[in-house]
Amino acid sequence: MHEMSIAEGILDIALDTLRQHEAKVVHSVQLDLGLMSGVEPDALLFCWDAVTKNTPAEGSRIEINTIPIEGRCLDCDRHFHVADYKFICPYCDSHFVQTVGGRELQVTSMDID
């Protein structure tokens, strides 16, 4: 379960941010999570509850903004959302598609006091 190490990394970021801003508590962490990131959201939320015990982030929540998969056709150079993991350009039916979005895993903001 690599979600545990990801949750620990997010906690490290949150605690560093607390120190930088001389704050005392983390209320929430906002996160961009791409559909192709390889992270299971429910497992991440479960791990977050475990890693935040007895820390200034205990009781906080992770708010996940799910990022869809976006492709770019290498033949017609158009961008499009990939539905159902079908990497076929909807404009020219090309199979030469580059993934340009949907792999994100990034803390975007947090609510601290």
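## Buried share and model type

Of the chain's 113 residues, 36% count as buried (under 20% relative accessible area, with exposed meaning over 50% and partly exposed in between, using a 1.4 Å probe and protein chains only). This is a predicted model, where local features need pLDDT of at least 70, side-chain atom pairs count only at pLDDT 80 or more, and totals for chains, interfaces and linings use all residues. Residues are numbered from 1 along each chain as its sequence is written, and side-chain values use heavy atoms, leaving out hydrogens and water.

## Overall layout

The chain has 2 helices and 6 strands, in the order α-β-α-β-β-β-β-β along the sequence. These are DSSP runs numbered from the N terminus: H or I of at least four residues for helices, E of at least two for strands.

As for extent, the C-alpha atoms fill a box of roughly 55 × 30 × 15 Å along the principal axes. Contacts (heavy atoms within 4.5 Å) often link distant parts of the sequence: among those with a separation of 6 or more, 66% join residues 24 or more positions apart.

## A look at helix 1

Helix 1 covers residues 3-20, and its end C-alpha atoms lie 26 Å apart, which agrees with the 26 Å expected for 18 residues at 1.5 Å a residue (the span is 1.5 Å times one less than the number of residues). Just after helix 1 comes Glu 22, with a positive phi near 50°.

The buried residues of helix 1 include Ile 6, Ala 7, Ile 10, Leu 11 and Ala 14. Their cover includes strand 1 (26-34), helix 2 (41-51), strand 2 (61-67) and strand 6 (105-112).
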